[in-house]
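Student: Could we go through this structure together, from its packing to its pocket?

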Amino acid sequence: MPRALGLGLLALLLALPGCGSAGSSAATADLPTGCTHHLVFAREGPAAGGRIALSFDDTPSPYTEGIYQTLLRHHDRATFFVIGNRIPGHEALLRAMLASGMELANHSYTHPRDLATQGEGASLELQADNAAVEQAAGFRPCLFRPPYGVLTPELVQRAKLAGLTTAKWTVDPADWTHPGAGAIREGVLSGARAGAIVIMHDNTETQGQTLEALPSILEGLRARGLHTATISELLGDRLLYGHA
């Protein structure tokens, strides 16, 4: 792990409210600060209730605002896996997303391809991302998803020690390959079922096709009698408020 990342983590921790900085606690006082979590690992939730969880990896990006506004217009929610070093300049958007019922989750601080083999460096990546999200939005993530989906038992354990449930998925339309909005829609809807977790991407690799497909995906899910939820909601956890 580069020394710079360790120093960056220290700076982030010192900048958190109550850790050497006045922070923005007043601005986020009415927002959730975390959630309960009772699982170490999950790739799907219970089918009871007809809920499905949509998730987006690699937030924030040039498409985040559009994805968020589309979800709002359709009265839907989703979980966004945030890369910590991409946050600067997007703090207000992340707070707005959180206030609207979206969930912010941990996708590592720098999105390294070899995170699963970094040992203690992986723990620093998770801690730095937790700190960056908490500094930006006042919310401590409850979920972790590994970059590129590469996972080992050791990484799951490190996520657990960082207070995170590792969340993978059951439906993957491979939108990062930009196969076209129609193919992304069909990829989601063909696998959609109650209890499923859908992975999509909020990054430039999608070339905007995921955003283009999203309205018809949401309409298609509703036509099948499925209701969207955040991953934590799907898993049966609840939001926490305050610092107690």
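The questions below start with the ground rules and then turn to the core, two helices and a pocket.

Student: What kind of model is this, predicted or not, and which residues count?
Tutor: Residues are numbered from 1 along each chain as its sequence is written, and side-chain values use heavy atoms, with hydrogens and water left out. Local features need pLDDT of at least 70, side-chain atom pairs count only at pLDDT 80 or more, and totals for chains, interfaces and linings use all residues, because this is a predicted model.

Student: Which residues touch the most other members of the largest nonpolar core?
Tutor: A nonpolar core is a set of buried Ala, Val, Leu, Ile, Met, Phe, Trp, Tyr and Cys residues joined through side-chain atoms within 4.5 Å; buried means under 20% relative accessible area, exposed over 50%, and partly exposed in between (1.4 Å probe, protein chains only). The largest core has 41 residues. Those touching the most other members are Phe 56, Leu 71, Phe 80 and Leu 104.

Student: Where do the buried residues of H2 lie around the axis?
Tutor: Helices (H or I, at least four residues) and strands (E, at least two) are DSSP runs, numbered from the N terminus. In H2, the buried residues are Thr 64, Ile 67, Tyr 68, Thr 70 and Leu 71. Their arc, taken from the directions from the helix axis to the C-beta atoms, is only 160°, so they lie on the same side of H2.

Student: Against which elements do the buried residues of H2 pack?
Tutor: Contact here means heavy atoms within 4.5 Å. Leu 71, for one, touches residues including Phe 56, Phe 80 and Leu 214, not counting residues up to four places away in sequence. The buried residues of H2 pack against S3, S4, H3, S8 and H7.

Student: And H6: which elements do its buried residues pack against?
Tutor: Ala 181, Ile 184, Val 188 and Leu 189 are buried in H6. They cover an arc of only 120°, which puts them on the same side of H6. The buried residues of H6 pack against S8 and H7.

Student: Is Ala 174 buried or partly exposed?
Tutor: Ala 174 sits in the loop between strand S7 (165-167) and H6. With a relative accessible area of 25%, Ala 174 is partly exposed.

Student: How do the residues of the lining of the largest pocket divide?
Tutor: Among the 17 residues lining the largest pocket, Asp 58, His 111, Tyr 148, Trp 176 and His 201 are the closest to its centre. S3 and S8 each supply at least two residues of this lining. The lining divides into seven nonpolar, five polar and five charged.

Conventions. On a 1 Å grid over the protein atoms alone, a cavity is a set of points where a 1.4 Å probe fits but cannot get out, and a pocket is an open set with protein on both sides within 12 Å along at least five of seven lines; lining residues have an atom within 4 Å of a point. Ala, Val, Leu, Ile, Met, Phe, Trp, Tyr, Cys and Pro count as nonpolar, Asp, Glu, Lys and Arg as charged, and the others, Gly among them, as polar.
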